[in-house]
Structures are given as structure tokens and as C-alpha cells.
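Biologist: I'm new to this one, so could you walk me through it?
Modeller: Sure, let's have a look together.

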Amino acid sequence: MAGASEPIRTITPGADDAPRDIAVDADSNPPGGGGSQDMPLKKLAHIHPRGAGAPGELDQIPVFRPSITQEEIDAVTEVMRSGWLGLGPVTEKFENELAEFLGVDHVIALNSGTAALHLAIRLLDLNPGDEVIVPSITFISTAHAVEYCGARAVFADVCEDTLCISPDDVRRKITKKTRAILPVHYGGHPADLDALRAAIADRPITLVEDAAHACGAYYKGKRVGGLSPMTCFSFHAVKNLTCGEGGAISTHNAAWAKKLRELRWMGISKDTYERTAKESVYAWQYWVHDLGFKYHMHDLAAAMGRVQLRRLDENNAKRRRIAERYNDAFSGAAWIETPPEHDDVFSSWHIYPIKTLERDRLIAHLKANGIAPGVHYYPLHMHPYYADRGAKCPIAEELWKRMISLPMFPDMSDAQVDRVIQTVLAFDAAGS
Ligand SMILES: Cc1ncc(COP(=O)(O)O)c(C=O)c1O
């Protein structure tokens with residue numbers, strides 16, 4: 001078994017940076033692209049990704065790749081010509097449109113998902129020794145954000161099927177010091193929020209969602225984003241909605257939203273745009289209320305984000321179609337476990353994770369055939385920084401050795417999906 005002492009090679013796959021992989025590797029449109037609050041039908045067989053041989057098709061198939069059109073390029077260019085590049089009117093529009101899309105009162109746009117997690121936990125005013133329960137299978141930001149605030153990340157095991165945080169293990173790991181639970185919607189599949197709420201019961205514990213993978217996902221018919229006191233999003237380069245880099249916190253709480261806006265801008269009471277656009281005489285005056293951070297989004301990123309938001313449901317539908325094709329193709333291969341989607345959720349299919357006992361041999365086979373898979377993720381409690389805490393997450397420790405993320409991005413052509421399927425099925429799982 002590969003333990004914490006064995007370094008894992010991190011190789012950037014294909015067309016875009018994906019540092020979090022352990023990879024062998026227009027105003028006229030309605031806000032949110034008419035993104036309805038109603039959960040769509042799951043079967044979307046009528047939506048097809050681009051046809052075979054389309055321009056830009058890659059010989060090397062990366063695990064992820066952003067979907068950027070002329071619309072994003074034009075929107076960013078318009079901001080570049082406007083004379084206002086920083087936090088400004090376009091960021092405000094993006095925040096309002098995203099809030100409407102998510103069905104939430106406030107969105108605070110930031111420069112990363114990590115910043116979102118940090119500020120959300122910072123808002124809770126934790127004391128040294130306070131604990132926040134996080135899943136072991138996630139990107140490192142989920143745990144580090146807790147530790148930035150002087151509190152302690154406590155690792156919970158994951159559910160064997162979805163790889164989301166296990167409510168049973170959360171129940172076991174709640175102590176008098178637990179102040180928050182930070183579930184991750186792994187791969188876009190929402191965690192069991194009702195079971196987590198039941199585990200918290202009437203204790204003073206806040207549920208903060210890490211929805212870095214779950215932009216556009218639904219839980220029990222409602223969009224992820226308005227279901228908990230705070231939800232954190234990432235708009236990193238290869239996320240379902242990308243701003244190049246970016247993030248956001250959604251909340252219904254107006255006082256929290258005001259505080260978060262202050263914290264994202266160095267603790268200053270009014271940002272530069274607000275003062276310049278809305279004050280006449282005292283535009284130069286501001287007050288510093290807190291030890292804030294330089295975490296705000298800027299208008300270039302927001303311009304890209306607005307277009308991506310309009311395209312989000314369509315892009316997620318393309319991801320769903322690819323997942324359906326993979327599921328169908330692998331249904332007869334007993335050596336592959338395909339990812340589930342529970343009846344009460346609607347995944348955003350950020351990742352397509354399969355499990356197989358032949359993980360390393362299959363990765364080598366895919367790499368040899370020009371396909372760059374990923375592994376998401378090496379359990380956090382086994383990383384050197386956290387390993388000496390003795391956290392026990394036996395399911396994560398066992399499952400990560402079987403996990404492979406297959407290529408999943410909206411612009412994957414039919415031919416590319418076929419090639420991944422054929423290459424996987426051509427693998428000799430018996431090893432003969
Ligand atoms: C589950 C999870 N949480 C948090 C983050 C951090 O987001 P960002 O890269 O925007 O800081 C990521 C990014 O990969 C993630 O996958």
C-alpha cells in the first residue's frame with residue numbers, strides 16, 4: 001500500500017492546469033441562462049456533445065478541459081477596453097445573476113474557492129482547539145481553510161459509493177469542540193445534507209458546504225447553494241463554471257454577507273467601486289474594521305463567469321450525457337465500479353470516478369494510449385502535514401487505491417468518448 005511516506009507523482013494532464021490532480025499524468029440573455037430552479041430530467045439522451053472530428057480535437061485526451069467560446073473572449077475583451085478591471089460593476093452583476101440562479105439572497109464573489117472556504121470558516125470566529133469536521137477525500141483546501149483560522153480539521157471517512165462525507169462517521173467524530181461540518185459534494189454528487197443535519201441535531205454546529213464540484217447540482221429538487229447557512233464555490237480553470245480562477249460564498253444571511261464583503265477587501269468598510277460610483281464628496285474616505293484579506297473577484301474574471309453561468313446548465317447536460325455513455329458502456333465490465341447517482345440528487349458530474357482493483361495498471365494502459373486520467377484524491381489525513389494526528393478513515397484508505405477519474409469535460413467529442421471507452425474495455429483486467 002502506498003502510505004504517506006511514498007511521494008505521489010503529480011503530472012499536469014493535457015490542455016489545462018489541474019494542480020489538484022494526482023494524475024499520472026451579454027446582457028440580453030436572462031440571468032443564469034434562464035437557469036431554472038426546477039430540477040431537470042435526468043435522462044438527456046437528446047443532447048449530444050460535439051461530433052467526431054470537430055476542430056480542436058486533441059490526440060491526447062486530458063482529464064479536464066475548460067469550455068471557452070468567443071462569447072467569453074468578447075466579454076473579457078469588453079472589460080479590458082472599459083477602463084475598469086478590478087472589483088466593479090461586472091462583478092456586482094455576476095453576483096446578482098448567480099444569486100438568482102442559485103435561489104439565494106446573497107453571493108460574495110472571490111478570487112478562489114480556497115478564499116471562499118477560508119472566509120466562511122473565519123466568519124464563525126473559532127477559538128484555538130475548536131474543531132471542524134471535513135471529509136478525508138477532497139482537495140487540500142477544505143482542511144487547510146480550517147487550520148488557517150487556528151482551528152483543527154477533524155477527518156471523517158467517506159461513503160463507499162458516493163465518496164462524500166459519511167454522516168455515520170461524522171456522528172462518531174462530533175465532540176463538544178465541534179463548531180462546523182464541511183461536507184464536499186464529491187465529483188458533483190451532493191452529500192447527504194439531511195443526514196448531516198440530523199447528526200448535528202440541536203447542537204451549535206454550523207453546516208458549511210464545499211460545493212467546489214457542484215455548481216448547478218441539485219439536492220432533493222433544490223439547487224445546491226441555498227440549502228445551508230453558507231455554501232462555497234470554486235471557479236478554478238477546470239471547474240464546471242470557470243472564471244480562470246475565482247470562487248464565491250452564497251448565503252441568505254444579510255449581516256454575514258456584509259461582513260464577508262468587508263473581509264474580502266482587507267476589512268475595509270466600502271470597496272473602491274462603491275466609493276467611486278456611489279459617493280460624491282467623501283469618495284476617498286474608508287474605515288478598516290477587521291484584519292481582512294485581498295480576496296475579492298475582479299471584473300475580468302466576472303465577465304468570463306457571467307457567460308459561463310449562462311452556459312452552465314447546457315455544459316452540465318453535456319457532462320451528464322458523457323456520464324450516461326460511460327455508464328452504459330461499462331455496465332457489463334464486472335471489474336469496473338461506475339459512480340452512482342442517488343435518486344434524490346442531480347449531479348453536476350464534475351468528475352467521473354470509477355473504482356477498480358487494477359487502478360495502477362489501467363492508468364498505465366490509458367497513458368500509453370494518449371489518455372490522461374486523474375486520481376481524486378489521496379486521503380488528506382495521510383498527507384505528511386496531517387498524518388501524525390492518527391485520524392482513522394478506513395474506507396478512504398482502502399478506496400483511494402482503486403479510484404481513477406476518467407476524462408470528463410463538456411467539449412469532449414463523441415469520438416473522444418468512444419476512444420476512452422474502447423481503450424478502457426480493451427484493457428486486460430485479468431492481467432494475462
Ligand atoms: C473540493 C474542493 N474544494 C476546494 C477547492 C479550492 O478551490 P480553488 O482552487 O478555487 O481555490 C477545490 C479546487 O480544486 C476543490 O476541488
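Biologist: Which residue of strand 9 is the bridge partner of Cys232?
Modeller: Keep in mind that this is a predicted model. Strand 8, residues 230-234, and strand 9, residues 247-251, run antiparallel and are joined by 4 bridges. In strand 9, Cys232 finds its bridge partner in Ile249.

Biologist: And in what order do the 7 strands of the open sheet come?
Modeller: The pairing in this open sheet is mixed. Its neighbouring strands are turned by 25° against each other on average, ignoring direction. Going across the 7 strands, the order is 1-9-8-5-4-2-3.

Biologist: Why is one side of strand 1 and of strand 3 left without a neighbour in the sheet?
Modeller: Look at where strand 1 (106-110) and strand 3 (152-156) sit. Each has one side free of a sheet neighbour because it has a single partner strand and stands at an edge.

Biologist: Helix 4 packs on the sheet too, so which strands does it touch?
Modeller: Helix 4 has a direction that makes about 170° with that of strand 2. The strands it touches are strand 2 (131-135), strand 3 and strand 5 (206-210).

Biologist: Which residues around the ligand come nearest?
Modeller: Helix 3 (113-122) and helix 4 (141-148) each supply at least two residues of the shell around the ligand. That shell divides into 3 nonpolar, 10 polar and 2 charged residues. Of the 15 residues there, the nearest are Ser112, Gly113, Thr114, Ala212 and Ser234.

Conventions. Residues numbered from 1 in each chain as written. Predicted model: local features only at pLDDT ≥ 70, side-chain atom pairs only at ≥ 80, totals over all residues. Near = placed C-beta within 6 Å. Nonpolar A, V, L, I, M, F, W, Y, C, P; charged D, E, K, R; others polar. Pairing = 2+ DSSP bridges. Axes fitted to C-alpha atoms, helices over the stretch in contact; angles between N-to-C directions. Contact = placed C-beta atoms within 7 Å.
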